[in-house]
Amino acid sequence: ASECLQFARYFAMNSALLLDTDYNLHWEQGYVPQYLIRCLNFGTATTWYANCFDHILQIVFWGMGLYTSVTDRDGNAYDGTWDAKKTVALCTYEFVVGELKAHGLEDVRKILTSCSAQIEETRKWSNYIKHKGGIDYKYLAPESPFEIYFVPVSEVMQDSDPAKTGNMPELPDKQFAIKDFKSPIKVDIDEQLSELKKAHLALHKCLSDIVSAVDYDAHTVQIGTKKQHNIT
C-alpha cells in the first residue's frame with residue numbers, strides 16, 4: 001500500500017509539471033505533447049491511488065482475520081484448504097466494512113469509510129479507466145470536423161429515386177450517424193489536481209491509522225529473553 005501511494009505521488013507530481021524538459025519532450029513540437037503526457041500522468045496517478053486503497057482493504061481483510069468469514073460464489077464457507085488467490089478475490093469494500101461492523105470494530109470501520117468518502121471522485125475516475133473505456137480530458141483534442149454515417153442500401157435507393165423525390169438525395173437521418181466513443185467523465189486536470197492532493201492526504205492518514213490499529217504484537221515471535229528484540 002505504501003509503494004502504491006508513492007507511485008501515485010510520483011505521477012501526480014509529474015501531472016502538475018506544466019513544462020517538461022526539452023530533453024524529454026522537444027519544445028519545437030508545441031504544447032500538445034506536453035499536455036498529453038500530463039494527462040497520462042494524471043490517469044496513472046488516479047489508478048495508483050485506487051490501488052492503494054484496495055491494498056489497505058486487504059491489510060484489514062487479512063490482518064484482522066475477516067477472511068475467515070467469506071463465502072465463495074457457490075455459497076461455500078471459507079476453510080483452510082483455500083489458497084490466498086481464491087480468498088483475496090473475495091475481498092471487497094462492502095464485505096470488509098460489513099464484517100468490521102459485525103465484529104464491533106467501529107473505529108476501524110470509520111477510518112475506512114471516511115477515507116472512501118474523501119477519495120470517491122478519484123476512485124470513480126480509476127474505475128472508468130480500468131473498466132469503462134477511460135476518461136476524457138478537456139482541451140486535449142478538438143471536436144471532429146466531420147460527420148460519418150452508415151446508411152442501409154434500401155434507404156439510399158429510396159432517397160435517390162427521382163420519381164419519389166424529384167430532388168437531390170436528402171441528408172442522412174441522424175439515426176445512422178457513427179459517433180466516436182466519448183466517456184461521460186471529462187476532466188480538466190489543472191482544476192482537478194486538487195482532488196489528487198486530497199486523495200493522497202486521505203490515503204496517507206488512512207494507511208497510518210490502519211497500521212496503528214493492527215495488533216502486530218499478536219503476530220510476533222519472541223526469541224530468547226524479553227530483553228532481546230522481537231521479530232515481526
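Glu195 and Lys198 sit together in helix H9 (residues 189-213), three residues apart, or about one turn of the helix. Their side chains meet in a salt bridge, with N and O at 3.5 Å. The two partners don't share the solvent equally: Glu195 counts as buried at 17% relative accessibility, while Lys198 is partly exposed at 36%. Keep in mind that this is a predicted model.

That pair is one of five salt bridges in the structure. Another one is in helix H6 (residues 120-131), where Lys124 and Glu121 are three residues apart and so separated by about one helical turn. Here the N to O distance is 3.5 Å. Both ends are partly exposed, Lys124 at 33% relative accessibility and Glu121 at 30%.

The bridge between Asp72 and Lys86 has its closest N and O atoms 3.4 Å apart. Asp72 lies in the loop between H2 and helix H3 (84-88), and Lys86 lies in H3 itself, so this pair ties together parts that are 14 residues apart in sequence. Asp72 is buried, with 12% relative accessibility, and Lys86 is partly exposed at 36%.

Here are those three bridges next to each other:

| Salt bridge | N to O distance |
|---|---|
| Asp72 and Lys86 | 3.4 Å |
| Lys124 and Glu121 | 3.5 Å |
| Glu195 and Lys198 | 3.5 Å |

Now for the overall picture. The protein has nine helices and four strands, and reading along the sequence gives you α-α-α-α-α-α-β-β-α-α-β-β-α. Of its 232 residues, 31% are buried. If you take the contacts with a separation of 6 or more, 72% of them are between residues 24 or more positions apart. The accessible surface comes to about 15,500 Å², and carbon and sulfur atoms account for 55% of that.

How far does H2 reach from its first C-alpha to its last? The span is 46 Å for 32 residues, close to the 46 Å expected at 1.5 Å a residue. Just past the end of H2, Gly65 takes a positive phi of about 70°.

On the other side of H2 in sequence, Tyr31 lies in the loop between helix H1 (2-16) and helix H2 (32-63). Tyr31 is partly exposed, at 39% relative accessible area. This tyrosine also belongs to a nonpolar surface patch with Leu18, Leu19 and Trp27, and together the four offer about 430 Å² of accessible area.

What about the cysteines? A disulfide is a covalent bond between the sulfur atoms of two cysteines. This structure holds zero disulfides. Cys52 is in none, and the nearest cysteine sulfur, that of Cys4, is 5.9 Å away. Cys52 is also buried, with 0% relative accessibility.

Why is Cys206 not bonded to Cys115? The closest cysteine sulfur to that of Cys206 is the one in Cys115, but at 3.8 Å the two are too far apart for a bond; the cut-off for calling a disulfide is 2.5 Å. Like Cys52, which is buried, Cys206 counts as buried, in its case with a relative accessible area of 2%.

Methods
Residues are numbered from 1 along each chain as its sequence is written. This is a predicted model: local features need pLDDT of at least 70, side-chain atom pairs count only at pLDDT 80 or more; totals for chains, interfaces and linings use all residues. Side-chain values use heavy atoms; hydrogens and water are left out. Buried means under 20% relative accessible area, exposed over 50%, partly exposed in between (1.4 Å probe, protein chains only). Patches are made of residues with over 30% relative accessible area and no salt bridge: like charges are joined within 9 Å, nonpolar side chains (Val, Leu, Ile, Met, Phe, Trp, Tyr) within 5 Å. Accessible areas come from the Shrake-Rupley method with a 1.4 Å probe; for residues, only the protein chains shown count as cover. Helices (H or I, at least four residues) and strands (E, at least two) are DSSP runs, numbered from the N terminus. Contact means heavy atoms within 4.5 Å. The expected span of a helix is 1.5 Å times one less than its number of residues.
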